[in-house]
Amino acid sequence: MTAQENKDSSLIKFNVVEKFVSIEGEGVRLGYPAVFVRFAGCNLSCHWCDTKYANVNPKYEEVDMESLISFILSTGIKRVTLTGGEPLIQPYIFLLINRLILEGLEVNIETNGSISIKSVPRSVIITMDYKCPSSGMENRMLLENINLLGEKDVLKFVVASHQDLKAAKNIIEAFKPKCNIFFSPVFGAIEPKEVAEFLLSERLFDARLQIQLHKVILVK
């Protein structure tokens, strides 16, 4: 048993910006009800980030693990999404993940691509970004992560320009990912139609265009 595993769970606390029930707005679980836990803090600073309230001087509460587990179980929903910020910088995140798995829950973790995913249990769905040039964070990507993504996982390209589209294509051709591939346009920066036309013209037939459903329905 590790020192972390031996720690009293009542003393294990997470910096939580918000926890709520909503509809999964993107990725392989699109449209399903899910429980969301958004953690505070991120090691990146993307130009087009849409959750800066969780990253820049975030307002959060310290929630102990048992309280967090109790909230999640109280919803009766079996799908959980851990997001941020960047969940993988939370000191006890793997203890939480393992507890959720033991409770029989399906866990999805959204991560920014700059931190190793080697230690993430393989039963977890990993939804990982590749930060394209417009984000200003492309040089922070840990490229070895791409080869660790499996068939149930997601590699997501958030795109805001034609340069981003070309960068995404280069990554796909170089790594030939075995996972699901999604292109997500930045609202107001690039039209979904342009992304769709790019996927078709460049014969990226295994990639999918996604619109963030949660922003359309605004359920929270």
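Here is a short back-and-forth about the fold, core and charged pairs of this predicted model.

Residues count from 1 along each chain as its sequence is written, and side-chain values use heavy atoms, with hydrogens and water left out. Because the model is predicted, local features need pLDDT of at least 70 and side-chain atom pairs count only at pLDDT 80 or more, while totals for chains, interfaces and linings use all residues.

Me: In what order do the nine strands of the open sheet run?
Reply: Strands here are DSSP runs (E, at least two residues), helices are H or I runs of at least four residues, and both are numbered from the N terminus. Two strands pair if DSSP finds at least two bridges between them. The pairing is mixed, and the order is 3-1-2-4-5-6-7-8-9.

Me: Which strands stand at the edges?
Reply: An edge strand here has a single partner strand, so one side of it is left without a neighbour in the sheet. From one strand to the next the twist averages 30°, with axes being lines fitted to C-alpha atoms (for helices over the stretch in contact) and angles running from 0 to 180 degrees between N-to-C directions. The edges are strand 3 (61-64) and strand 9 (207-209).

Me: What is the bridge partner of threonine 111 in strand 6?
Reply: Strand 5 (residues 106-111) and strand 6 (residues 125-131) run parallel, joined by four bridges. For threonine 111, the partner in strand 6 is methionine 128.

Me: At about what angle does helix 4 run to strand 9?
Reply: Helix 3 lies across strand 6, strand 7 and strand 8 (180-185), at about 160° to strand 7. Helix 4 (residues 192-201) lies across strand 7, strand 8 and strand 9, and its angle to strand 9 is about 160°.

Me: Which helix gives the most to the largest nonpolar core?
Reply: A nonpolar core is a set of buried Ala, Val, Leu, Ile, Met, Phe, Trp, Tyr and Cys residues joined through side-chain atoms within 4.5 Å. The largest one has 58 residues, and those with the most contacts inside it are Leu82, Leu96, Phe157 and Phe183. With five residues, the top contributor to this core is helix 2 (residues 93-102).

Me: How many residues apart are glutamate 26 and lysine 156?
Reply: Their side chains meet in a salt bridge, 3.5 Å from N to O; the term means a side-chain nitrogen of Lys or Arg within 4 Å of a carboxyl oxygen of Asp or Glu. Glutamate 26 sits in the loop between strand 1 (13-23) and strand 2 (33-39), lysine 156 sits in strand 7 (residues 154-159), and the separation is 130 residues.

Me: Is lysine 156 buried or exposed?
Reply: The cut-offs are under 20% relative accessible area for buried, over 50% for exposed, and partly exposed in between (1.4 Å probe, protein chains only). Glutamate 26 has 10% and is buried. Lysine 156 has 9%, so it counts as buried.

Me: Which side chain makes a polar contact with the side chain of glutamine 210?
Reply: Glutamine 210 is in the loop between strand 9 and helix 5 (213-217), and it is buried at 6% relative accessibility. Among its contacts (heavy atoms within 4.5 Å) beyond neighbours within four places in sequence are Lys156 and Phe183. A polar contact is a pair of N or O atoms within 3.5 Å; within protein, one must be able to donate a hydrogen and the other to accept it, and residues adjacent in sequence count only if both atoms are side-chain atoms. At 3.0 Å, the partner side chain is that of glutamate 26.

Me: About how many helical turns separate glutamate 173 and lysine 169?
Reply: The two form a salt bridge, with the closest N and O atoms 3.6 Å apart. Glutamate 173 is partly exposed at 43%, whereas lysine 169 is buried at 18%. They are four residues apart in helix 3 (residues 162-175), so the separation is about one.

Me: Which two residues does the cis peptide bond join?
Reply: Most peptide bonds are trans. This one has omega of about 15°. One partner lies in the loop between strand 4 (79-83) and helix 2, and the pair is glycine 84 and glycine 85.

Me: What is the phi of arginine 203?
Reply: Most residues other than glycine have a negative phi. Arginine 203 is in the loop between helix 4 and strand 9 and is exposed at 61%. Its phi is positive, about 60°.
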